[in-house]
Structure formats: C-alpha cells, structure tokens
Amino acid sequence: MNRRFYLLVMCWLVATGFTLAQTTTLTGSIKDANTGDELIGASVIVVGTTTGATTDVDGKFSLTVSGSKVKLAFSYIGYETVTQDVTLNGGTQNINVTLNASSSSLDEITVVGSRNASRSVLDSPVPVDVLAVRDLIAVVPQVDLNQMMTFVAPSFQSNRQTISDGTDHIDPASLRGLGPDQVLVLINGKRRHNTALVNTNGTVGRGNVGTDLNTIPAASIERIEVLRDGAAAQYGSDAIAGVINIVLRKDVNQFSANYMTGVHKEGDGALNQFNANYGFALGKKGGYLNLTGDYTFRGFTNRMNEWTGTVYGATYLADPDLNPEGAATDEALLAARNLTRSDFNMRVGNSQVANASAMFNMAIPIDENTEFYAFGGLNYRNGEAAGFYRQPSQVNQVVYEIYPNGFLPEIHTSVLDRSLGMGIRGKIKNWDVDFSNNYGKNSFGFRVENSLNASLGVASATSFDSGGFSFSQNVTSLSVSRFFADFLKGINIAAGSEFRVDNYQIIAGEEASYTDYDGVGIGKVGGAQVFPGFQPRNELNRFRTNLAGYLDVELNVTEKWMVALAGRYENYSDFGNTVTGKFATRYNLTDDYAIRGAISTGFRAPSLHQSFFNTVSTIFVNGVPFEVGTFSNNSRVAGVLGIPKLKQETSINYSIGFTAQPTKAMTFSVDGYIIKVDDRVVLTGQFQGNASAAPGTNDREIYDLLTEVGANRAQFFTNAINTTTRGLDIIATYTWNVGEGKLDASVAANLNETTVDKINVASSLLAGRESTYFDRTNTAVVETGNPQSKLNVTLNYKVGKFGAMVRSVRFGEITTRGNSAAPVLNTFTGELETLDQTFSAKWVTDFSLSYQLFKNLSLQVGANNIFDVYPDEHTHSTNNSFGRFRYSRQATQFGFNGAFYFARVSIQL
C-alpha cells in the first residue's frame, strides 16, 4: 500500500507539468559595504523557496522569478544577511546590494535543521553551527576535516588512533558524546555513505561504523553546517545526535591554491599538502562547474617508551644455533650484535598516510525554472601502520631463520572512496521539486608487510594479501516544498520519499594469510602476524533496502512564534517498520532575544557491518596477544553462548535553548539537551571456552568452535546498553574595531555527560558470563572515553594585509577503567595495581600569523599545540605494556604528538 501511495504521488507531480507564469529577470551586484569589493559566490534566494542564484567573478547575479512580489535574501559567509522586498514589473530589474561583515555566521541561510529554504542560524528552532571552511583553511594548522572540526566545534570530537588495525586510518568521530554511527552526514543536503570499516579494537567508537569525513578535501567546501539536535524524523536513521551537512563550493572564474608543509617538534610526522580549486561558468544563466584536487602526505609519529621487557629470553640464549655468540644475558647479546633496546620498539603514534582526492560540484540551468545538478568525488588513501613488535622471546610467533631478532609487522591499507550524486530541481505548480539519485562506495583492502606465517616455518612469505571489505549505498529521493505566505504569518510544507539500497561485502585474503599449516611449523601460530587474513568462510555479500516517506510543516503562528512538526515512516527489509516524529518551536521575546526547544524520537537499525561482520584478528590484552573472533549473531558459537539477535536502537531527544543578538557586534546562544538511547548496539567483552572441560559441555563446545577458526576468544555485536546523555552548548561571539583593524572573538563550550543506565544482559546468555557481556572497561569507553567538557576561546585579528589567530581549547578529563575496581596482580611485575585512571584536563593552543605579500599571494606560519602539551602519562604498567604505551590508546583527548609547526602559501587568481 505504501509503495502504491508514493507511486501515485510521483505520477501526479509529473502529470501536472511545469507552469509558465509571467516572469521577471532580476540582475545586479553584491559588494562589501566597507571596501566596495565584489563578493564572488554570494547567494541571493527567494525567501520561502529554493529559487536562487550566486554571484559571478564580477560580483554580479541574474535571477528569473515569477509573480508580482517577492522577498529576497542576500547572504555570504562572514557577512550579515540582508532581506529586501521587491515588487516585480514583468521585465528586467536591477538591484545592487552591499553586505556588512559579521562577527559570526549566525545570519547565514542554512540547509539543515529546517526545510524552509530561507531559515538562518539565528532564527532556527534548533541549534546549528556554520563553519566557514574557506576562511578556516587560511588560518588553522589542521588539514583534514575531522581535526579542523575537533578544534573549532566543541560538540564534535575526533582523535587519531594507534595500533588499532584499520582504525589507524579512519578516525572515529562523535557529536555530543554519542557514537560515530549516531550522526548523519550529508553533502549538499544529500545522504553520504558510511565507511566500510567497523571499529572492533578498544578505541572510542568501539563497535560503531561512521562516515569518513577525511575523504572530502577541505578546499572543495564552502561551509559546514552542524545541526546539534536529533533529526531522525527529518533526515532518517543515524541522525540521533544530529546532522553534519557539507556544502560544496560553486564559485566560478576564480583559481585558488594552497601549499602547506609542517613537522612536529620531535622531528617526525612531516606533512606536505597541496590543493587547488577552480570554477568554470557554464552558459550565461548561472551554470557552474567547480573542481578541487588535493594531495596530502603525512609521515608517522612515534611516542613510545623504550622496551624494558625480555628480548631474547632463556630458551633463545640456551640454543647455540640461535646464540652462536654465547651471550649469557639479553644485554650481552644486544651488545654483541650492535643493537640497543630501541631497535625493538613499536610505533605508538600517527600512522603514515598518503591521501589523494578530487571533488566536483556543478549545476546547469535547463530553463528558467529548472536545473540539472551533480556532485561527487574520488579519494584514494594508502596507509601504513605498525603492530606490536614480535620479540625473539615469543617463540611461537617468530621464525628465527627469517627474523633472528624478531620483527615489527606492518598493516598497509588501500582505501578507495567514490561518490556521485545527480538530480533535477525546479518548480511544478509553485512547488519546489527535487528529484535525485546519490551513490557512494567505500572499499578497504589490507596488506601485511614485514611479517610471516610462523606455522610455515622457513617457507613463509613476508608479505600477504589479507583481503578486505566494501560498503555501498544508493539513495533515490523525491522532495517537494512550498511556502504559503498568506496562511497566518506563513507556513512552509515539505514532503518527500526516499528509497535506499545498502550493500556490504567481505573479500577473503590469500590462503597463507589465514591458514594454520598444522604439522609444518610445530607449535607456531598460523596466519599472517598482526592481521590474519579474512577466510573464505568470512566472505559475504549482503543487501538491505529501506523505503521512507516524510512530512515536514513549519508554521509562523504570529510574528514572534514559530512551530515545526515533522513525521517520518520507514520500512526496512530486515528490521520492519518504524514511525518517528519531531516537534520544535521558537518564540521571539523581542527582536533580539528568543527561546527555542524541541522533542524528537529516533530509530537506528543496526548497520549491515554490525549484522554480518565476522573475522579473527590479533588483539593484545595487557600486553598479551589473543586471536579474537568477531562472530555474527546467527553463528554456532553465538547460539551456544546464548547471544540474542540484533534489533533496532530507539531514542528520544529533548532540547531547550536561548538565543540573543543584543547588538550587531554580539551574539549569544545556550542550548541544553537530554538524549536517551535504548538498546544501543555495541561490542561485547571477550568470551572464552575451556579446553579442559568434558566433551559435550558448553565450555568445551565453545572452545572447539573457536579453535576451528583459529580463535581463542569471541566477541559479538549486541543491544547491550541503554544510555542517557545530558549536556549544554554555549556559544558567544563579539566583534571589535581595534585601531584600523577588526578583532573577532568567540567563546564556545560543550558540557557533556553520558551514563550507562542499564546493561541489557540477555536472559538466554549462558550462565556465568554476565560480567563479560559488557564489562567496566567497555562501560568507561562509552561514558568517559571522550572529554566531558570542551572550551574553545578564539581571537582573530585582521588589519590591512596582516592577520593573526590564536585559539585555545580546553579538553576535559577522561577516565579509563579495568575489568575490576579492585587492585589486580601484574603477572610481569608481581605487584598489585589498580587499572583505573583519570587523565586531567589540558589546554591546547593554536597560533598563526598571515601576511598578504602581493595582491594574489599570501603567507601563513603558525603552530598547533604551540606550548607542546601532552596528556597525562599512564600510572600503571599492566595497561601500558612494560611502559611502551606512555599515553592511553584506549581513550584520548587530543592525541599525543606534541607541538606541530607549519607554513602555508596561498594563491588567489
């Protein structure tokens, strides 16, 4: 019935045809009110519609409209929006507008948070941040989107991980303290596909699947809109914490390029980045094609303490074939071989990455009311990360004929991301109509280097193809909207439908990457060390479809009071039906002060990754390697343990806020929120069997099933927890005229607390496993793995050709926990120690100077973390593996690489 309804709606819309009303052509220019310079790429839009245009290289625009009267909104990033009523004469009219610089982007018309095309940040019923990326690129030391947003938007948090397999190359990101899979990413208002990677190591975001923002070159972006409110009813599954909308550049006849180079204070992690952007005008009616290319190379960093444990060990030293020098101790043999303990170190820090990307954004007018548009990109990333060093003393992992002194295995990743969206938008019977199709795919391949399959002995290769996985998504959508100015004080009605197809695949590696060749290397571990390959039994090719429809209404009840309602119906091919809703309202106390609030419900089906991912990987626990199998919930071992089937997450989101703009130079907003998520999908702890148990018992069957696939522990995706997140966002901006220049100041803060309200231990779970289902360690990752507060203070001064920026960010404390609150015995030191630790809050300061050398050439120099601040060090030895992990890798505030210095040259033609 639902499919018939949507089909009838689509047929009716097509049958009505396009109208040919009397039209007026509006032309004119948009300039800076102070300098008189033309503003290239400024927007003019008919209020209440999606009809609009942008200015060309001369700051001029041309726009065709119908009717007798319209209200126009003129906007540009960093400037105050101007609205103007225009009476139309049916011919050609000229309108020239000047815009004043603004201290913030609160007047900028946004895409997210409202389907009223003329709604700005300041009059939105929900909180929306607008980040002017083109301005950020000129001053900040960060080069990728995740890091830029972490240091600019307090509610957003992302950190690079270390020694965590694929997560070394895809940075998990969160909004308002929730998981990476609970924030929806859009490009130009269209859903962006997720990455193929699911995070299975002990990092923040464990068990989640996010979107890889770093596949999108920052130079291709006009602005980023961050909707900090639940929006599942408006935009669909994933939008529990909010929505990030990336708006691509569409300016024409302007070339820009940037080259940046930098290095950390320790002399490693060298970075080189080059990007360029140019826009072509297509035709004479506002068409454009904007192109961006970017290449970034980032070297690895290492902040490991020197290895203090056993290197060779008694067994090695006692074997004359292995120790022909006859050394009696590790230190003596190291000296005899001209080695030091530093030769046995790991790499604890950033992975090495080479990243190349391209992006395009285009639109071509078809007639006066219709245009074809398209956007997309291609990204290739090659990453290199290292695992744990295999010491010569680890006799079951090392083949001495190949690596007499052990080896440091490396994981090389090849990540290919591609996307293409296209559509037609225009007017049908005064309704704005948008029909589009958007496709995206992310592929992840693993290759292991400088390693071996120990069970093959001397016959082992040292490099392996370990296979990989991919995820693709295709979304076809139809949306309509119309603003009725004569109903009360105006009403905007929007409706639409969406059909989505998801596909997830796992591809097996070569045989030697996963096989234990029993009998060849007696007592040796099988599979490629550091990352055993995916096996044929892991291979899969799974699909899901989703059909959705929504209705969104915004009503201006009075001049001061606005009410918004949204409802969404979704049907999943594997998780059934759901209905979500949202109510939002805003009341203007005066022209400058307002209150706002919202309540919404959400629904998130487990991703295909969470439903079907399965493999065996090497995970170190307290410095000891284990082969941990991740199994699907319909596997035999899940059945024996009593692991339940996955089901959907549900949520409810409450928010209330206050906004103020007492002067044109000052803005202020504060928003509080409560987000409750039930049946949240996470990874369990690690279950074990028992080799000594009697045959036929559950413990023995679990052991046998794990051994069959080369594992000795098992973990699963389950709806293990209910959580509540409470928080407060505060943002204030002010602009001063200082001398002949302008000083922009902003203070932004996020206070955030997540608690695990309940651990949903399944009644079917095998007795005695309750404490493993979701333990203290995993609870801490959810509750305190991200900073519970962030404070951002920014000063940006510009005078003539000179500019300076200083930004200081306070990252709040984080806490890690062991499986037990009581002190435990460290088997390496023989001492009792607690595994809980709180890492104190830290201030990290960025600083940059810029100078315009010539009209088209500028130079920037500066630093990230200029005062070389590091997190607190570990205070216990069990979690830091003989001191190798100086800083926590389970939870991090801002990384642990220290100061980074950079220089950048920018060209504008």
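Three worked exercises on a predicted model follow, covering a ring pair, salt bridges and a small sheet.

Residues are numbered from 1 along each chain as its sequence is written, and side-chain values use heavy atoms, without hydrogens and water. Local features need pLDDT of at least 70 and side-chain atom pairs pLDDT 80 or more, while totals for chains, interfaces and linings use all residues.

**Exercise 1. Classify the aromatic pair of phenylalanine 446 and phenylalanine 531, and place both residues in the chain.**

Step 1. Apply the cut-offs. Rings of Phe, Tyr and Trp (its six-membered ring) pair if their centres lie within 6.5 Å; planes under 30 degrees apart are stacked, over 60 edge-to-face, the rest tilted.

Step 2. Read the geometry. The centres are 4.3 Å apart and the planes differ by 20°, so phenylalanine 446 and phenylalanine 531 are stacked.

Step 3. Locate the rings. Phenylalanine 446 sits in strand 21 (residues 431-449), phenylalanine 531 in the loop between helix 7 (511-514) and strand 24 (540-556); the pair therefore ties together parts 85 residues apart in sequence. Helices (H or I, at least four residues) and strands (E, at least two) are DSSP runs, numbered from the N terminus.

Step 4. Check burial (buried is under 20% relative accessible area, exposed over 50%, partly exposed in between; 1.4 Å probe, protein chains only). Phenylalanine 446 is buried at 3%. Phenylalanine 531 is buried at 6%.

Step 5. Widen the view. Both rings belong to one aromatic cluster, with Phe444, Phe469, Phe534 and Phe613.

**Exercise 2. Trace the contacts of arginine 347.**

Step 1. Find the acid. Glutamate 384 forms a salt bridge with arginine 347, with the closest N and O atoms 3.0 Å apart. The criterion is a side-chain nitrogen of Lys or Arg within 4 Å of a carboxyl oxygen of Asp or Glu.

Step 2. Place the partners. Glutamate 384 is in strand 19 (residues 370-386); arginine 347 is in the loop between helix 6 (330-336) and strand 18 (352-367), 37 residues apart. Both are buried.

Step 3. Find the ring. Arginine 347 also lies over the face of phenylalanine 300, 4.2 Å from the ring centre. This requires NZ of Lys or CZ of Arg within 6 Å of the ring centre and within 35 degrees of the ring normal.

**Exercise 3. Work out the strand order and the edges of the sheet that holds strands 4, 1 and 7.**

Step 1. Order the strands. The open sheet runs 4-1-7, with mixed pairing. Pairing needs at least two DSSP bridges between two strands.

Step 2. Name the edges. Strand 4 (60-66) and strand 7 (92-99) each pair on one side only.

Step 3. Inspect one pairing. Strand 1 (residues 23-32) and strand 7 run parallel over eight bridges. Serine 29 stands opposite asparagine 96 in strand 7.
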